[in-house]
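Work through the following exercises with the predicted model at hand. Each task is followed by a solution that proceeds step by step.

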Amino acid sequence: MYENFNADEIAFGPNGLVPAIAQDADTREVLMLAWMNREALVKTLKTGQAHYYSRSRDRLWLKGETSGHFQQVREIRRDCDSDALLLMVAQTGAACHTGNRSCFYRDLSGEEIQIPDISGTGDALDKLQSVIEDRRAHPREGSYTNYLFEKGIDKILKKVGEESAEIIIAAKNPSRSDLTGEIADMMFHVSVLLSERGLAWRDIAAELERRRKG
């Protein structure tokens with residue numbers, strides 16, 4: 001990403017930091033404001049994952065390192081004075097440490113505001129993806145999700161195929177609960193597949209939106 005970029009072009013402040021705003025690349029929702037030093041910016045460019053500098057902890061940190069709510073950086077822009085950055089990201093789960101998708105969930109008086117779900121994926125799928133990403137980042141003994149990741153893509157694809165067949169069988173029967181359960185199983189395994197391939201439900205939602213407008 002930006003192989004010819006020179007970090008000297010960024011006007012870091014006297015404290016060596018520059019404000020960095022994270023914005024959803026698909027919905028344009030403003031998610032959070034953080035800070036970057038030169039190392040955080042270089043690390044972000046190298047890995048494609050958003051890294052920031054914590055002023056309170058006085059260290060570099062990877063967004064999602066404890067929560068699993070990673071930010072895949074699609075584009076980085078700078079303002080006219082090169083003293084502020086805008087990160088266009090694919091956000092997994094919530095951007096805010098409070099559990100809200102955006103840090104800007106209150107009005108000026110401090111009252112929480114109702115933010116419509118414009119993600120196109122729904123809260124349930126976002127939460128599911130967050131749990132899966134967290135398991136991948138922090139493996140747990142006995143976790144079925146980690147078992148799938150350990151076995152690799154072939155095992156994951158096999159499970160997706162099996163769940164597809166079970167959906168077909170359930171759909172031929174009158175039980176709505178059985179069909180609901182099988183579709184839920186499929187959605188879980190597809191979520192694991194998306195994570196394995198570096199995708200998320202937002203990418204699927206973006207593609208569906210593109211087709212809707214096409």
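**Exercise 1.** Determine which residues are linked into a cluster by ring pairs, and characterise the pairing of tyrosine 144 with phenylalanine 188.

Solution. Ring pairs join Tyr144, Tyr147 and Phe188 into a cluster. In this predicted model, the count of aromatic pairs comes to three. One of them, between tyrosine 52 and tryptophan 61, is tilted, with 5.4 Å centre to centre and 40° between the planes. Tyrosine 52 is buried at a relative accessible area of 0%, and tryptophan 61 is likewise buried, at 16%. Tyrosine 144 and phenylalanine 188, by contrast, form a stacked pair, with centres 6.0 Å apart and 25° between the planes. That pair links distant parts of the chain, since tyrosine 144 belongs to helix H3 (residues 144-151) and phenylalanine 188 to helix H5 (residues 176-196), 44 residues apart. Tyrosine 144 has 35% relative accessibility, and therefore counts as partly exposed.

**Exercise 2.** Decide why cysteine 96 and cysteine 103 are not counted as a disulfide.

Solution. The sulfur of cysteine 96 has its closest cysteine sulfur in cysteine 103, at 3.7 Å. A disulfide requires the two sulfur atoms to lie within 2.5 Å, so the separation of 3.7 Å is too far for a bond. The count of disulfides accordingly comes to zero. As for their surroundings, cysteine 96 is buried at 6% relative accessibility, whereas cysteine 103, at 32%, is partly exposed.

**Exercise 3.** Describe the largest nonpolar core and state which elements supply it.

Solution. The largest nonpolar core comprises 21 residues, and those with the most contacts inside it are Met32, Met36, Leu41, Tyr52, Leu85 and Leu87. At least two residues each come from strands S1 (18-24), S2 (30-36), S5 (71-78) and S6 (85-91) and from helix H1 (38-47), with S2 giving the most, namely four. Taking leucine 41 as an example, and leaving aside neighbours within four places in sequence, its contacts are Phe5, Ile10, Phe12, Met36, Ile76 and Leu85. Apart from this core lies another, of 14 residues, including Ile156, Ile167, Leu193 and Trp201.

**Exercise 4.** Establish how the buried and exposed residues of helix H6 are arranged around its axis.

Solution. Helix H6 (residues 201-213) has 13 residues and spans 19 Å from its first C-alpha to its last, close to the expected 18 Å. Its buried residues are Trp201, Arg202 and Ala205. These cover an arc of only 100° around the axis, and therefore lie on the same side of H6. On the other side of H6, Arg210 and Arg211 are exposed.

Note on methods:
Residues numbered from 1 in each chain as written. Predicted model: local features only at pLDDT ≥ 70, side-chain atom pairs only at ≥ 80, totals over all residues. Heavy atoms only, no water. Core = buried A, V, L, I, M, F, W, Y, C linked by side-chain atoms within 4.5 Å. Buried < 20%, exposed > 50% of the residue type's maximum accessible area, 1.4 Å probe, protein only. Contact = heavy atoms within 4.5 Å. Expected span 1.5 Å × (residues − 1). Arc of directions from axis to C-beta. Phe/Tyr/Trp six-rings, centres within 6.5 Å; stacked < 30°, edge-to-face > 60°.
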